[in-house]
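Biologist: Could you take me closely through a single part of this model, and set that part in the context of the chain around it? I would like one connected account, with the reasoning spelled out where a classification depends on a cut-off.

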Amino acid sequence: MPTRARLALLTAVVLWAVSFVATKVALESAPPLVVVSLRLLISAVCFLPWIVATGGTRGLGGWRVFRELFVLSLFGAGLHYASQTIGLQYTTASNASLYTTTGPITIMLLSALILGERITPRKAAGVALAVVGVLVVMGPAKLSSLQLDEHILGDMLVLASLVMWGLFTVFGKKLTDQLGALRVTAWVTVIGASWMAPVGWAQARLTGFRISALNLEAWAAIAFLGVGCSFLATLLYFVALGLSESQKVGVYLYLIPPLTAGFAAFYLGETITTNLVVGAVLVFAGVALTERS
């Protein structure tokens, strides 16, 4: 994997790891679909100047490409964020953390079926090693506390968001090769924001929520989600996707659980356990093995 792609992915997963904290802060003050709408609108504002400067819709390739971008906006923007955010309200952090390990596996299977990428024994071994690392980070206590029956709605929503991200990654790879990472990311975000904004407005009306109720901390969290995650992290993810195979890119998502645990230890004063250290080493080893196959 090129150094540029590796650095882009590492930056993206760090931003996504912090996003869990920011999302929790935002949800304390606003309904989930309002949070998703605002983060997408902020991200779209970041992309609009570039879209205008590059000629808008000229050179996109007609309605066929626009339809593909719309579908990507469902899988990689609105529905993905909405499903994940709502799901986290109904399931436990332990469940959600465990389910994130299915993301790269979904990407590997879909990329093999749709893009024809070969699943080599070394890639499979790398993914397996990374899965073991994530499970070690979680530890026996968290794994034994999973409550599937009580949180089935949240579990299914989180799982659905991960499948959507896998589809976004695989189908986005094909369009990225055609249009370029920056253009695909910009249009997916703007299209997603355009149809998600009315949804957020409707939830605000139904719940009686007012934007004026957001405090400074909530606005800072939403701004980080919009600029740091939906804009910068997604852009870097697509840049890496344009430079490497989707299987190798997807396995970097395994870095998010140990990084999240590390940030929690730093910001919340939680103890860095032996499980975290050993699990993080296994995750990094799994990523390195997969990207070098």
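Modeller: I will begin with Thr185, which, once its neighbours within four places in sequence are left aside, is in contact with Phe47, Thr234, Leu235 and Phe238. Thr185 belongs to helix H8, and because its relative accessible area is 1%, it counts as buried, the cut-off for that class being under 20%. The surroundings of Thr185 are the part I will follow, through H8, H2 and H9, and all of what follows refers to a predicted model.

One of the contacts of Thr185 is Phe47, and Phe47 is also where H2 bends, by about 35 degrees, with a proline, Pro49, following within four residues. The bend leaves the overall length of H2 in agreement with expectation: the 22 residues of H2 should span 32 Å at 1.5 Å a residue, and the end C-alpha atoms are 33 Å apart. Just after H2, Gly55 adopts a positive phi of about 95 degrees. Confidence in the protein chain is highest in H2, at a mean of 92, whereas helix H4 (residues 93-99) has the lowest, at a mean of 58.

Elsewhere in H2, which covers residues 32-53, sits Ser37. Ser37 is buried because its relative accessible area is 5%, below the 20% limit for that class. Apart from neighbours within four places in sequence, the contacts of Ser37 are Met196, Ala197 and Gly200.

On the other side of the account is H9, spanning residues 216-243, whose 28 residues should cover 40 Å at 1.5 Å a residue, in agreement with the 38 Å between its end C-alpha atoms. H9 has a bend of about 25 degrees at Ala233, and Thr234, Leu235 and Phe238 are among the residues in contact with Thr185. At the start of H9, the backbone nitrogen of Glu217 has a side-chain oxygen of Asn215 within 3.3 Å.

The loop between H8 and H9 contains Phe209 and also Ile211, and the two residues fall into separate exposure classes. Phe209, with a relative accessible area of 15%, is buried, while Ile211, with 40%, is partly exposed, because the partly exposed class lies between the 20% and 50% limits. Leaving aside neighbours within four places in sequence, Phe209 is in contact with Ser29, Ala30, Pro31, Val34, Ala204 and Leu214, and under the same exclusion Ile211 is in contact with Val34, Leu38 and Trp219; Val34 thus appears in both lists. The sequence separations involved are long: Phe209 and Pro31 are 178 residues apart along the chain, yet their C-alpha atoms are separated by 7.8 Å, and Ile211 and Ala30, 181 residues apart in sequence, have C-alpha atoms 8.3 Å apart.

Those pairs can be set beside the chain as a whole, in which residues 24 or more positions apart account for 92% of the contacts with a separation of 6 or more. The protein chain has 12 helices and zero strands, and of its 293 residues 52% count as buried. In soluble globular proteins, nonpolar side chains tend to be buried together. In this model the largest nonpolar core has 73 residues, of which Trp16, Leu69, Val184, Tyr237 and Tyr254 touch the most other members. Helices giving two or more residues to this core include H2, H8 and H9, along with helix H1 (3-27), helix H3 (63-90) and helix H7 (152-179). H9 supplies the largest share of the core, 14 residues.

H1, another contributor to that core, has a kink of about 30 degrees centred on Ser19, and its 25 residues should span 36 Å at 1.5 Å a residue, which agrees with the 36 Å between its end C-alpha atoms. As for how far these details can be read, the mean pLDDT of the protein chain is 81, and 86% of its residues reach 70 or more.

Notes. Residues numbered from 1 in each chain as written. Predicted model: local features only at pLDDT ≥ 70, side-chain atom pairs only at ≥ 80, totals over all residues. Heavy atoms only, no water. Expected span 1.5 Å × (residues − 1). Bend = angle between axes of the 7 residues up to and from the residue. Polar contact = N/O pair within 3.5 Å; in protein donor to acceptor, adjacent residues only side chain to side chain. Buried < 20%, exposed > 50% of the residue type's maximum accessible area, 1.4 Å probe, protein only. Contact = heavy atoms within 4.5 Å. Core = buried A, V, L, I, M, F, W, Y, C linked by side-chain atoms within 4.5 Å. pLDDT = per-residue confidence, 0-100.
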